[in-house]
Amino acid sequence: MVQWRHRPRLAFSLLFGLWLPFCLAQTTPSSTASSSPTPTPSPSSQPQTERLKVRLSGYPRKHNEGRVELFYKGEWGTICDDDFSITNANVLCRQLGFVSATGWTHSAKYGKGQGKIWLDNVLCNGGEKSIEFCRSRGWGNSDCTHDEDAGVVCKDERIPGFVDPNVIDARVDDNRIEEVRLRPVVAVARKKMPITEGVVEVKYKDGWAQICDQGWTIKNTRVVCGMLGFPHEKKVNKNFYKRLKKRAAEKVSRPKVNVSAGGRPTPKAKANSKPKQSSPGKRLYLERQKNYFHVHSVACTGTEVHLAACPLEFSKPNATSTCQGMPAVVSCMPGPQFMQNSGLKKKLKISSNVRLKGGARLGEGRVEVLKDNEWGTVCDDRWNLQSASVVCRELGFGSAKEALTGARMGQGMGPIYMNEVKCQGLEKSIWTCPFKNITSEDCQHMEDAAVRCNVPYLGLENSIRIVGGRSDYEGRVEVQVGSKWGTVCSTGWTTKEAMVVCRQLGLGYSMHAITETWYWDSSNVTEMVMSGVKCTGNEMSLSQCQHHKTVSCQKSSAKFAAGVICSDTASDLVLNAPLVQQTVYIEDRPLHMLYCAAEEDCLSKSAAKANWPYGHRRLLRFSSQIHNIGRADFKPKAGRHSWVWHACHGHYHSMDIFTHYDLLNSNGTKVAEGHKASFCLEDTDCQEGVSKRYECANFGDQGITVGCWDLYRHDIDCQWIDISDVKPGNYILQIVINPNHEVAESDFTNNAMKCNCKYDGHRIWLHNCHIGDAFSEEAERRFEKYPGQLNNQVS
């Protein structure tokens, strides 16, 4: 909720620049904005009689988070993070008008404050109306530095009726820079998204102001581009802009004239005519003529993640010196995934050995790095914005908005490759930054590092909406095709298409893809404008997916329009690959012991022609341990009322197909297959500190809790592939969890495990078992040279 509500502000900021090309460098705040209400007295144990003022400050941040600052004895100061807790954060957030806190930060995450550190060792019990009533060392009594300034993250929901103007008191410091934008000067650039070149403008009071370009360097440009979601900067053609300005100056100083019927020149004018849009050069000239810039000089090193972190010189109201240059103009280069030019896309490739996993939105996730053909994570010790920015830029995004610690984007699996990463901020890859190798005592996956990157604004949410739902996270999908809005045909509508919709709207993951929306409000239903939608699931907008050129839908009524239910969190199932390799073996099982398995269709088709109950089937058996490393529990889509009872095995199936087991030849063709319905989907065990929630006994709830796993042992029915008809040779063993995507997950690419498999008719070797896309053809070739471990012979 916090993230997506912020996007419309950014959309408004950019659109505002397009609508008002003549915006002034300095704007005067309205009288209502500049006036401050009279504070009301409040009972307090402190000498002051006014209500204690609290504000959120720092960068980069949103309106509901930041460094905590208190106004005491006429001076703003901070709170030290010693003994700080979520209880303290709850008191502060309620004092600021939010319903509660969702987290708190330490070590000056939002930047170091200035002035006094007013409070230290604050201990609230949770019921206080103001932070001043909590226990502490007393006002101004602290042994901290501003490196320990505390911050809070409040839930983006206001207390009903709370109308305090001091939630973010931006008027106290006129020189605070929080928002930056590019305003294109060339008309054609305004129609393209993302905007990559233009005049740099900073939010100032109620408007936008420019920066003087005297002394402007490419390092400053790098910082601005990073803030706006671009990994690279380009040099601006200053001569082009100088020529525009010169031409405009000449036109302004030399007004056009007409010749009258008598041959005498007269001023050219048209009564009641609309004024023409000013030319790019004229706009630059007029802005230069204003002779006022909010910021006179910027001196970034290029490693900063925000312009506010650079040394800045601000203009002073009564200063006589003026800028002798023109407005600063920058040019940025987007990452390949945001480029329009396909030729440049091929030249600029993003990193193939770094990726983000577990994030709900574009440009965020757990940091994973590839080493020796296996993906692993990064420990969060000393993890900071500079290191996070290197990751963001090498993946085609801008600088980092946040460097997240404590597995905020879910816990990974497998090795942890890096610890104490110390990037300067200019490195091309995190692999070139100094770091320590991991020992088993150093880190655990509960310390996995994550990032939120700045991404370019594309305006994708303006061409799609969800309507009719019972909350902001759900509704009937409507898209804009040309100038017309309409619904989408639900035929073939799956979780993948719904995922794209939720991503495009900035609403996170798709929990459900709805194909019948009759139970939602249909009073304003529009006609159907899109059908045949088929997505891979990775697209940034629905328009990028395949769809019919002409609408063709058998069920075109409103009740069959496509819909979605979105969520900020989702589950993420991953198979324990080493366990499969450790437990695999071959068993010749008598037919008289396979009647229940045959009933559940767990044998190959040739079993139907066997001489029952005589003979046997050859089974490739193994254990599968399935972990939920996501941020939400994995629960069957179907409610328990629709679960199917299987009397033969004596259990309920909550999903028809929970896993696929396949044996593939070198061409990827199946030579044998098996499947496992989700009988007794439950928490077999959990990591330390996590409690089991799901147990199948007595018709209990089925699911897998975050941080827990479900174990299907090798010796239970259907936990196999029937290889009775398979000839000796080299194969690929493939296991796919949730193959039909019945239940939404944050990442479907890690649902498959593949192993190289060598079968000689009696024994089997497995080698190079890997999850998802880490498996490669090169690994297959290596297997030919080194078969790997010898597994059990036929039992």
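**Close-up views of a predicted model**

**Figure 1. Regions of low confidence and the chain as a whole.** Over residues 773–795, pLDDT stays under 50, and the model has 56 contacts for this stretch beyond four places in sequence. The structure shown is a predicted model. A further stretch, residues 267–276, also has pLDDT under 50, and for it the model has 4 contacts beyond four places in sequence. Where pLDDT is low, the predicted coordinates should not be read in detail. Averaged over the chain, pLDDT is 80, and 80% of the residues score at least 70. The chain contains 12 helices and 42 strands. Of its 795 residues, 51% are buried. Contacts between residues at least 6 apart in sequence join residues at least 24 apart in 72% of cases. The exposed area of the chain is about 37,900 Å², of which carbon and sulfur atoms supply 50%.

**Figure 2. Helix α8 and its surroundings.** Helix α8 spans residues 385–394 and is mostly covered, with 9 of its 10 residues buried. The buried residues are Leu385, Ser387, Ala388, Ser389, Val390, Val391, Cys392, Arg393 and Glu394. Their cover includes the helix α4 (218–227). It also includes the strands β10 (232–234), β16 (354–357), β17 (364–371), β19 (400–404) and β21 (450–453). At the start of α8, a side-chain oxygen of Asn384 comes to within 3.2 Å of the backbone nitrogen of Gln386. Just after the helix, Gly396 has a positive phi of about 90°.

**Figure 3. The buried residue Glu368 in strand β17.** Glu368 lies in strand β17. Its relative accessibility is 7%, and therefore Glu368 counts as buried, the cut-off being under 20%. The side chain of Glu368 makes a polar contact of 2.9 Å with that of Arg355. Another polar contact, of 3.0 Å, links the side chains of Glu368 and Arg366. Beyond residues up to four places away in sequence, Glu368 touches Asn353, Val354, Arg355, Lys357, Trp375, Gly376 and Thr377.

**Figure 4. Strand β15 and its two partners.** Strand β15 covers residues 329–333; 5 of its 5 residues are buried, so the strand is largely enclosed by the rest of the structure. In a regular strand the side chains alternate between the two faces of the sheet. Both faces of β15 are covered: Val329, Ser331 and Met333 are buried on one side, and Val330 and Cys332 on the other. Strand β8 (residues 197–204) pairs with β15 in the antiparallel sense over 3 bridges. One bridge joins Gly198 to its partner Val330 in β15. Strand β10 also pairs with β15 in the antiparallel sense, over 3 bridges. Here Lys234 has Ser331 of β15 as its bridge partner.

**Figure 5. The hairpin of strands β40 and β41.** Strand β40 (residues 752–759) pairs with β41 in the antiparallel sense over 6 bridges. The two strands form a hairpin with 4 residues between them. In the turn, Gly761 has a positive phi of about 100°. Trp765 in β41 is the bridge partner of Lys758. Strand β41 spans residues 764–771, and 8 of its 8 residues are buried, so it is largely enclosed by the rest of the structure.

**Figure 6. Two nonpolar cores.** In soluble globular proteins, nonpolar side chains tend to be buried together. The largest nonpolar core in this model has 36 residues, and those with the most contacts inside it are Phe658, Ile723 and Met753. At least two residues of this core come from each of β28 (573–575), α10 (577–583), β34 (659–664), β39 (729–737), β40 and β41. Apart from neighbours within four places in sequence, Ile723 is in contact with Ile586, Arg618, Leu620, Leu663, Ala672 and Tyr759. A second, separate core has 29 residues, among them Val354, Leu356, Leu385 and Cys392.

**Figure 7. An open sheet of 4 strands.** The strands of this open sheet follow the order β28-β31-β37-β36, with antiparallel pairing. At the edges are β28 and β36 (685–686), each of which pairs on one side only. Strand β37 (residues 708–712) and β36 pair in the antiparallel sense over 2 bridges. Within this pair, Cys686 has Cys708 of β37 as its bridge partner.

Definitions and conventions
Residues are numbered from 1 along each chain as its sequence is written. Side-chain values use heavy atoms; hydrogens and water are left out. pLDDT is the predictor's confidence in each residue, from 0 to 100. Contact means heavy atoms within 4.5 Å. Buried means under 20% relative accessible area, exposed over 50%, partly exposed in between (1.4 Å probe, protein chains only). A polar contact is a pair of N or O atoms within 3.5 Å; within protein, one must be able to donate a hydrogen and the other to accept it, and residues adjacent in sequence count only if both atoms are side-chain atoms. Two strands pair if DSSP finds at least two bridges between them. Accessible areas come from the Shrake-Rupley method with a 1.4 Å probe; for residues, only the protein chains shown count as cover. A nonpolar core is a set of buried Ala, Val, Leu, Ile, Met, Phe, Trp, Tyr and Cys residues joined through side-chain atoms within 4.5 Å.
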